Amino acid sequence: MPRVSILMPVFNAGVYLPDALESIRGQSFKDFELVIVNDGSTDGSSEILRAFAQQDPRTRLIERTNRGLIETRNELLSEASGDLIAWMDADDLSHPDRLQKQVGAFEVDTSLVCVGTNVERIDPDGHSLGIEHYPAEDSAIRSDQAAGNGLRFASTMQKRSVALDTGGFRHPFRMGEDLDFLLRVAERGRVSNLTEILYVYRQHLLNTCTAYGQNWPEICRIILQLAEERREQGSDRLQLGEEVTLPPVQSGDERKLLPYVLLTWARGAFEAGDRRRALRYALASLKMAPGRIESWREFAKLVLGR
């Protein structure tokens, strides 16, 4: 039985998938299995995954029709056999020492139930958009979680027994299912982040501009409200079998979010020292929403180099 099960959901990630898989193959820690659920991809991901599975016997590939992210994550959890599970998105990258250092953290502190890392953000072409710094200590992470932050889910490693004990991922969250899950994990023990940048999170329009993006503040509020219910009553509405209603998706929501996303990319590129790329993203944001004052302000700052 492997020490670590790396869990990777895949849906139409073919353009980025080879690099993601190679970053797993290149891990300095070797005692792992890679469990992949291909959730009905139609873009050639299947051929990439089958070829990789033939080359690396540590890979277990499950292919089926599309069922969505919640079912896919829960299936991955049920298929894992390692004492520890590490999440990995199909369009991201893991540093070669990621697993080694996270396993080491669990060995040093057996009270830990979840360990994340600091994260570099990149754009679709692999250019840096800056660093996400997360707090290392349990108390600071919990404080940040109260605002919907604290850990980058895809960078995390957890004790499998704890992840299963939470009940896994829950409907109706198509967005924020990872925050809802991590909050319940943190209720079962200590959490931590490694200060090294061991995970690379790729941002692109397919994973950022979902139809639910405009509604994220309200979705986050509901998830945090459920956590408060558990603290006060021992269980939340979903655990009691009640329903939670999310704000409806409005036509054009995705389009409204695009200028904001491009603006965040501009800020990230500038932070990473790539002023030319920052200006390109800011200009694209302006073209999509010329009446947006925030875009004009940001563009002016970038032109002036401030």
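This briefing walks through one helix, two strand pairings and a buried threonine. Please keep in mind that the model is predicted. A good place to start is Thr 156, which is buried with a relative accessible area of 0% and touches residues including Arg 98 and Gln 102. Both Arg 98 and Gln 102 are among the buried residues of helix 4.

**Helix 4**
- Helix 4 spans residues 98-108, and its buried residues are Arg 98, Leu 99, Gln 102, Val 103, Ala 105 and Phe 106.
- Looking down the helix axis, these buried residues fall within an arc of 150°, so they line one face of helix 4.
- Glu 107 and Val 108 are exposed on the other side of helix 4.

**Strand pairings of strand 9**
- Strand 9 covers residues 190-202 and pairs with strand 5 (residues 93-94) in the antiparallel sense, over two bridges.
- For Leu 93, the bridge partner in strand 9 is Val 200.
- Strand 9 also pairs with strand 6 (residues 112-122), here in the parallel sense and over 10 bridges.
- Leu 112 has Arg 190 as its bridge partner in strand 9.

**Around Thr 156**
- Thr 156 sits in the loop between helix 5 (138-145) and strand 8 (157-159).
- Because its relative accessible area is 0%, Thr 156 counts as buried, the cut-off being under 20%.
- The side chains of Thr 156 and Gln 158 are joined by a polar contact of 2.8 Å.
- Leaving aside residues up to four places away in sequence, Thr 156 also touches Ile 85, Ala 86, Trp 87, Cys 114, Val 115, Gly 116, Leu 151 and Leu 182.

How values were computed: Residues are numbered from 1 along each chain as its sequence is written. This is a predicted model: local features need pLDDT of at least 70, side-chain atom pairs count only at pLDDT 80 or more; totals for chains, interfaces and linings use all residues. Side-chain values use heavy atoms; hydrogens and water are left out. Buried means under 20% relative accessible area, exposed over 50%, partly exposed in between (1.4 Å probe, protein chains only). Helices (H or I, at least four residues) and strands (E, at least two) are DSSP runs, numbered from the N terminus. The arc is that of the directions from the helix axis to the C-beta atoms. Two strands pair if DSSP finds at least two bridges between them. A polar contact is a pair of N or O atoms within 3.5 Å; within protein, one must be able to donate a hydrogen and the other to accept it, and residues adjacent in sequence count only if both atoms are side-chain atoms. Contact means heavy atoms within 4.5 Å.
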